[in-house]
Amino acid sequence: MSFYEKNMEALKKHHPELVEMLESTVIGEDRVNLFYAGSGEPRILFKKDDGEEVFIHSADDPVKCANQAIELIGRLEKEGVIVLFGFGLGYLAEELLKVIKDGHIIMVYEATPALFKTALKVRDLSDLLDNEKVKIVLGEDADNFYVIHSNYHHIVNGRFLVVKHHQSVKLNEKAYDRFYKRLLEEKRAGDTGVGTAIALGKDF
């Protein structure tokens, strides 16, 4: 079984709504070039619609880079919602999953389905995708906020952290800006509904 087939089987368990989108996503041969970091892990060069090329992940060690980013975040609360903007090839999501507590949820927003599909093709991410703590939202116009709604008590108590994988975000910054604004709108709507003022979640 290929990485892609194994990953799609895992994805179907918790995110069957994404399968059709990914199956219909076409990755042009000139859009993605596969390379390998010094550590042996895959990394890619992704070409945007405007022709700009962006390297996704470190040339030395993507896993080490992900752990360094987590160290910069600092101590996490015992529970809460971590919103990861940009999936890349999944290194940061995998390392976050190793350090979060039982009460945490990781909500991944990836605006570029072609990048996510590429990740499924080049890495075994089945354990990550099969984990109930990981929720995934895909697409430029995605507006699925069920994770925020179902974990609103964390927002109320300030247990809400936004983490950006900047190279992935760079592929479609406008989409991430829109999604962030929608998050804030959802939060404000909830604030009004419960009649209380709530501090914004932390940003990294």
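The structure holds 10 salt bridges. The model is a predicted one.

Start with Asp49 and Arg31. These two residues form a salt bridge, with the closest N and O atoms 3.0 Å apart. The pair links distant parts of the chain. Asp49 sits in the loop between β2 and β3 (53-56). Arg31 sits in the loop between α2 (19-24) and β1 (32-36). The partners are 18 residues apart. Their surroundings can be read from the accessible area. Asp49 has a relative accessible area of 73% and is exposed, because the cut-off for exposed is over 50%. Arg31, at 24%, is partly exposed.

Next comes a salt bridge in another setting. Glu94 pairs with Arg123, and the closest N and O atoms are 2.7 Å apart. Glu94 belongs to helix α4, while Arg123 is in the loop between α5 and α6 (126-129). This pair too links distant parts of the chain, 29 residues apart. Are Glu94 and Arg123 buried or exposed? Both are buried.

A third bridge reaches helix α10. The side chains of Arg178 and Asp141 meet at 3.9 Å, N to O. Arg178 lies in α10 and Asp141 in the loop between β6 (134-138) and α7 (146-150), so the bridge ties together parts that are 37 residues apart in sequence. Arg178 has 37% relative accessibility and counts as partly exposed. Asp141 is exposed, with a relative accessible area of 65%. Salt bridges can also share partners: Lys48, Glu52 and Lys170 are joined in this way into one network.

Return to the helix that carries Glu94. Helix α4 is mostly covered, with seven of its nine residues buried. The buried residues are Tyr91, Leu92, Ala93, Glu94, Glu95, Leu96 and Leu97. Glu94, the salt-bridge partner of Arg123, is thus listed beside Glu95 among the buried residues of α4.

Now the aromatic rings. A search of the whole structure finds eight aromatic pairs. One of them is Phe85 with Tyr180. Their ring centres are 6.3 Å apart and their planes stand at 85 degrees, so the pair is edge-to-face. Phe85 lies in strand β4 (residues 79-85) and Tyr180 in helix α10, so the contact ties together parts that are 95 residues apart in sequence. Phe85 counts as buried, at 0% relative accessibility. Tyr180, at 22%, counts as partly exposed, because buried means under 20%.

Tyr109 and Tyr176 form another edge-to-face pair, 5.1 Å centre to centre with 65 degrees between the planes. Tyr109 is in strand β5 (residues 103-110) and Tyr176 in helix α10. The two are 67 residues apart. Both Tyr109 and Tyr176 are buried. These pairs belong to a wider group: Phe85, Tyr109, Tyr176, Phe179 and Tyr180 form one aromatic cluster.

One ring meets a charge. The charged end of Lys121 sits over the ring of Tyr4, 4.8 Å from its centre.

Turn to the pockets. About 340 Å³ of space lies in the largest pocket. Which of its 19 lining residues are closest to its centre? They are Arg31, Asp49, Thr112, Leu171 and Asn172. Arg31 and Asp49 are the partners of the 3.0 Å salt bridge. β2 (42-47), α5 (113-122) and α10 (173-194) each supply at least two residues of the lining. The lining of the largest pocket divides into seven nonpolar, three polar and nine charged residues.

The second largest pocket has a volume of about 250 Å³. It is lined by 15 residues, and the closest to its centre are Cys65, Ala66, Ala69, Leu92 and His165. Leu92 is one of the buried residues of α4. Two or more residues of this lining come from each of α3 (62-73), α4 (91-99) and α9 (166-169). Which element gives the most to the lining of the second largest pocket? The answer is α3, with six residues. The lining of the second largest pocket holds eight nonpolar residues, six polar and one charged.

Note on methods: Residues are numbered from 1 along each chain as its sequence is written. This is a predicted model: local features need pLDDT of at least 70, side-chain atom pairs count only at pLDDT 80 or more; totals for chains, interfaces and linings use all residues. Side-chain values use heavy atoms; hydrogens and water are left out. On a 1 Å grid over the protein atoms alone, a cavity is a set of points where a 1.4 Å probe fits but cannot get out, and a pocket is an open set with protein on both sides within 12 Å along at least five of seven lines; lining residues have an atom within 4 Å of a point. Grid points are joined across faces, edges and corners, and a volume is the space filled by probe spheres set on the points. Helices (H or I, at least four residues) and strands (E, at least two) are DSSP runs, numbered from the N terminus. Ala, Val, Leu, Ile, Met, Phe, Trp, Tyr, Cys and Pro count as nonpolar, Asp, Glu, Lys and Arg as charged, and the others, Gly among them, as polar. Buried means under 20% relative accessible area, exposed over 50%, partly exposed in between (1.4 Å probe, protein chains only). A salt bridge is a side-chain nitrogen of Lys or Arg within 4 Å of a carboxyl oxygen of Asp or Glu. Rings of Phe, Tyr and Trp (its six-membered ring) pair if their centres lie within 6.5 Å; planes under 30 degrees apart count as stacked, over 60 as edge-to-face and the rest as tilted. A charge sits over a ring if NZ of Lys or CZ of Arg is within 6 Å of the ring centre and within 35 degrees of the ring normal.
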